[in-house]
Amino acid sequence: MQTHAFEPEQIMAYLDGESGPQESYQIVNHLETCDQCRRLAEELKQISRELQAWEVESFEQDFNRELLTDSAIKATNLAELKASKSKARISLLWKVGAWAAVACLLLAVIVPNALRSSKSQSFEPSALWPASSPAAGKQESNEIYGYISSATPESRNGSANFQNGVIAPNLQNQSRGLRENTAEKETAAAPSNAPMIVKTAELSLVSRDFDDTRKRIDQIISKYGGYLGQLSTSAPNESARSLNGTLRVPSPKLVDALAELKSLGRVETESQKGEEVTQQYVDLEARLANSRNTEARLTDILRNRTGKLSDVLEVEKELDRVRGELEEMEAERKSLLKQVAFASISISIREDYQSQLKVVPPSTGTRFRQAAVSGYNLLVDSLIEVALWLLNWSPTLLIWAVILFWPAKMVWEKLRVLHNEKSEA
Amino acid sequence: MKSDESLMLDFQRGSQEAFDELYARYRGPLFGFFSRRLDDLARAEDLVQETFVAVIRATARYEPRSLLRTYLYGIAMNLLRAERRKPAMNEPQEGIEDRGADTALEKVLQVKQALAQLEAGEREILMLREYEQLEYAEIAELMRLPINTVRSRLFRARMSLKEVLGREVPSAARKHQSDRQKVGE
C-alpha cells in the first residue's frame with residue numbers, strides 16, 4: 001500500500017495545464033517516485049490520444065453574407081447599433097470624466113507624497129554607501145538595468161515568451177501529452193488564450209565560497225538568456241560579506257535557473273509566487289482601444305469642423321489629455337508584457353563567515369609612535385577647537401561688551417562715589 | 001498577432017477585416033463543435049454561419065468581460081440546445097451511432113460509441129475539454145457549474161470512457177483511490 005500526496009483529479013488537472021506552478025512542481029516530483037500515479041497519468045494521456053482519433057473534416061467555407069441581407073436582421077442590427085452607439089457615447093463621456101477625476105485624485109495624493117519622500121527617503125542604498133558609511137571596508141554597486149547579457153533574440157522578445165503559462169519546459173512537455181494532436185493549433189492561438197502569469201521568486205542562501213559567487217551568477221543568467229536587474233555587494237571589515245540583487249530570467253526557465261542558483265550555497269529561505277494578470281491585460285487593451293477611438297474622433301472633429309477659437313482650443317486640450325492617457329496605458333501594457341516574459345528572482349547571498357583570530361600584538365615602538373601621533377593630533381584638535389570657539393562667540397561677546405560698557409561704567413562710578421562718601425563720613 | 005478581443009473591438013468599430021479574421025480563426029473549431037454533436041453535417045455548417053450572424057447582431061452590446069472564445073462557444077451552445085429541442089433531434093444519440101457506421105475507421109466508431117454511453121453532462125464537459133480545448137474555468141462559465149464540479153465530472157467522464165473503451169481493470173486510478181481510502185481508515 002502506498003500513500004499519495006495528490007488526488008487523481010489533481011494529477012488530471014496538472015496534465016490539463018490547470019495546476020498552479022507550485023503544485024505542478026510538486027506533482028512532477030511525485031510522479032517521479034510513484035509508479036501508480038505515473039500509470040494513472042499515462043492512462044489519462046492515452047484516453048486523450050484515443051479521443052483525438054475522432055477528427056472532423058476541415059471547414060473552409062466563407063461567411064455567407066447573404067445571411068445579412070435579410071431585412072429583418074439588418075433593421076434590427078442597425079436600430080440596435082444606433083441606440084447602443086448613443087449609449088456608448090454617453091457612457092464613454094462618463095468614463096472619460098471618471099478617469100480624469102481618478103487621475104486628478106491620484107496626482108493630488110501621489111505628487112505631494114513623492115515630493116515628501118524624495119526629501120526624507122534614502123535612495124538606492126548602493127548609490128549612497130561609499131559616502132555615507134565609511135565603516136564598510138569595500139562596497140561595490142552595479143545598476144545594470146536594461147543590460148541583457150547574452151539573450152537570444154527569442155528570449156528578448158517578450159511576446160514570444162509570455163504565452164507559456166507553465167513554469168518549466170519539462171512541465172510543459174508533461175502537459176503537452178494530452179494535447180499532442182492539437183499542438184500546432186494551440187501555438188497559433190496561444191498569445192490570446194494562454195494565461196498571463198507574472199512570476200516572482202525569492203531565494204536566500206549562505207555560501208562558503210563567496211568569492212566565486214558573483215562569477216557564477218553571471219554565468220547562470222548568461223546561460224538562461226536573462227539579465228541583471230540590480231546587484232549590490234557589501235564587504236564590511238571583520239564581518240560576513242553579502243550580495244543582494246534582482247535577476248530577470250525568461251519565465252519558462254525560472255525553475256531551471258532557480259535550481260542552479262540554489263547550488264551556490266545552502267538555502268535558507270525560498271518562495272515562489274505567480275500572479276495572473278490576464279484580466280488586467282484584457283482590460284488594459286480594451287481601455288486602450290476606447291482611448292484610441294476617442295482620439296480618432298477628436299482628431300476628426302479638429303480636422304473637419306469649424307467653430308469658435310475657444311471651442312477649437314477646448315478640443316485640442318481634450319486631445320492632449322487623451323493622448324497623455326494613451327501613452328501611459330501603452331507604457332503600462334509594455335511593462336506588463338515584460339513582467340510576464342521575464343520572471344524576477346530576488347536573491348540574497350550571505351557569506352558563511354568565520355572570524356579571524358589576531359595573535360600578533362603591535363610592537364612597543366609602534367605603540368610609542370601611535371601615542372605620539374595621537375597626542376599631537378589631540379593638541380592640534382584642542383587648539384583648533386579653542387580657535388573655533390573664539391571665532392564662534394567673539395562677535396556676540398564684542399557686541400554685548402559695547403552695549404554694556406557705559407551702563408556698567410556708570411554703575412561702577414556711582415558705587416565708587418557712595419563708597420568714598422561713606423568712608424569720608 | 002492580435003488577440004480575439006482586440007479583433008472584436010475593431011469589428012465593433014466597423015472593421016470588416018477584423019470580422020474576417022475572427023471568422024477564419026473560429027469557423028473550423030465551431031464546425032468541429034457542431035459536427036461532433038449533430039447528425040447532420042450540412043446543419044453543422046449552417047449553425048457555424050448562424051453563430052457568426054448572432055455575433056454580428058450582438059456586436060454593439062459586446063463588452064470584453066471574458067474571453068471571446070467563451071463568448072462564441074456560449075452562443076454555439078445556445079444554438080445547439082435550440083437545435084436539439086427541434087423534433088428531429090429528439091432521437092437520443094442516434095446520430096452518433098449511425099454516423100459511426102458511415103465511417104471506415106473502426107477507432108472513430110469505437111470512440112463515438114463510447115462517448116454515446118457516457119452521461120450527457122459528463123460527455124459535454126469531456127468534449128469541451130478534449131475537442132474544444134477549453135479551460136476548466138471556461139467550461140464552468142459555459143455550463144454554469146462550479147469549477148470543482150467541472151473537474152470531478154471530467155475525471156469521472158474520463159474514467160468511464162476508459163472502462164467503456166475496454167482498458168484493463170482494475171485501473172491505476174481505482175487502485176490509487178482505494179489506497180487513499182485505506183490510509184484514511
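The exercises below, each with a worked solution, concern salt bridges, helix packing and confidence in a predicted model.

**Exercise 1.** Find how many salt bridges the structure holds over all chains, and state whether Arg49(A) and Glu42(A), which form one of them, are buried, partly exposed or exposed.

Solution.
- Step 1. Side chains of opposite charge can pair when their charged atoms come close.
- Step 2. Over all chains, the structure holds 34 salt bridges.
- Step 3. In one of them, the side chains of Arg49(A) and Glu42(A) meet at 4.0 Å, N to O.
- Step 4. Partly exposed lies between the cut-offs of 20% and 50% relative accessible area. Arg49(A) has 30% relative accessibility, so Arg49(A) counts as partly exposed.
- Step 5. Glu42(A) has 40% relative accessibility and therefore also counts as partly exposed.

**Exercise 2.** Locate the salt bridge between Arg323(A) and Glu295(A) in the chain.

Solution.
- Step 1. The distance between the two side chains is 2.9 Å, N to O.
- Step 2. Arg323(A) belongs to helix α13 (residues 309-341) of chain A, and Glu295(A) to helix α12 (residues 278-304). The partners are 28 residues apart, and the pair links distant parts of the chain.
- Step 3. The relative accessible area of Arg323(A) is 34%, so this residue is partly exposed.

**Exercise 3.** Explain which parts of chain B are tied together by the pair Arg69(B) and Glu138(B).

Solution.
- Step 1. The side chains of Arg69(B) and Glu138(B) meet in a salt bridge of 2.5 Å, N to O.
- Step 2. Arg69(B) lies in helix α4 (residues 68-85) and Glu138(B) in helix α8 (residues 136-143), so the pair ties together parts of chain B that are 69 residues apart in sequence.
- Step 3. Both Arg69(B) and Glu138(B) are buried.

**Exercise 4.** Describe how α8(B) and α9(B) are arranged and which residues meet.

Solution.
- Step 1. The axes of α8(B) and helix α9 (residues 147-164) of chain B are 9 Å apart, at an angle of about 105 degrees.
- Step 2. Angles of 65 to 115 degrees count as roughly perpendicular, and α8(B) and α9(B) are therefore roughly perpendicular to each other.
- Step 3. From α8(B), Tyr136(B), Ala137(B), Ile139(B) and Ala140(B) take part. They meet residues of α9(B), including Ile147(B), Val150(B) and Leu154(B).
- Step 4. Sorted by class, this contact has seven nonpolar, no polar and two charged residues.

**Exercise 5.** State the confidence of the model for chain B and find a stretch below 50.

Solution.
- Step 1. Chain B has a mean pLDDT of 81, and 79% of its residues reach 70 or more.
- Step 2. The pLDDT is below 50 over residues 89-101 of chain B.
- Step 3. For the model, ipTM is 0.76 and pTM is 0.40.

Note on methods: Residues numbered from 1 in each chain as written. Chains lettered and ligands numbered in written order. Predicted model: local features only at pLDDT ≥ 70, side-chain atom pairs only at ≥ 80, totals over all residues. Heavy atoms only, no water. Buried < 20%, exposed > 50% of the residue type's maximum accessible area, 1.4 Å probe, protein only. Helix = DSSP H or I, 4+ residues; strand = E, 2+ residues; numbered from the N terminus. Axes fitted to C-alpha atoms, helices over the stretch in contact; angles between N-to-C directions. Parallel < 35°, antiparallel > 145°, perpendicular 65-115°, else oblique. Contact = heavy atoms within 4.5 Å. Nonpolar A, V, L, I, M, F, W, Y, C, P; charged D, E, K, R; others polar. pLDDT = per-residue confidence, 0-100.
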